[in-house]
Amino acid sequence: MTVGTQMQQAIAGIQSASATMKTFALETQDKQAKQQFQQIADQLDSSLQTLKQRQQYIENQEPQYKQQ
């Protein structure tokens, strides 16, 4: 498995986890839980942006890793 493939899988996993936390936040009636789920989603979204930047860097440095 290439670095590019691994990075894409990591990005997909974090996107999924973030979406799940946002769903939990929408579905719960508990205000504290809602806030916690949203905070987790925000942290995951921040991590996602970092990984996407890293993926772009890798693709620019090593074109063979670019996803097609």
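1. At the start of helix α2, a side-chain oxygen of D30 comes to within 2.9 Å of the backbone nitrogen of Q32. This contact, like the features described below, is taken from a predicted model.

2. Helix α2 itself comprises 31 residues. From its first C-alpha to its last, α2 reaches 45 Å, which is close to the 45 Å expected at 1.5 Å a residue.

3. Which residues of α2 are buried? They are A33, A41, L44, L48, Q55, I58 and E59. These buried residues of α2 pack against α1.

4. The largest nonpolar core of the model contains 8 residues, namely M7, I11, I14, M21, A41, L44, L48 and I58. The elements giving two or more residues to this core are α1, spanning 3-27, and α2, spanning 31-61. As general background, nonpolar side chains tend to be buried together in soluble globular proteins.

5. L44 deserves separate mention. This residue belongs to the core just described and is buried in α2. Setting aside residues up to four places away in sequence, L44 touches I14, A17, S18 and M21. Of these partners, I14 and M21 are also listed in the core.

6. G13 lies in helix α1. Is this residue to be classed as buried, partly exposed or exposed? G13 counts as partly exposed because its relative accessibility is 40%, a value between the 20% limit for buried residues and the 50% limit for exposed ones.

7. A final point concerns the separation of G13 and Q53, which are 40 residues apart along the chain. Their C-alpha atoms are separated by 16 Å.

Note on methods
Residues numbered from 1 in each chain as written. Predicted model: local features only at pLDDT ≥ 70, side-chain atom pairs only at ≥ 80, totals over all residues. Heavy atoms only, no water. Core = buried A, V, L, I, M, F, W, Y, C linked by side-chain atoms within 4.5 Å. Buried < 20%, exposed > 50% of the residue type's maximum accessible area, 1.4 Å probe, protein only. Helix = DSSP H or I, 4+ residues; strand = E, 2+ residues; numbered from the N terminus. Contact = heavy atoms within 4.5 Å. Expected span 1.5 Å × (residues − 1). Polar contact = N/O pair within 3.5 Å; in protein donor to acceptor, adjacent residues only side chain to side chain.
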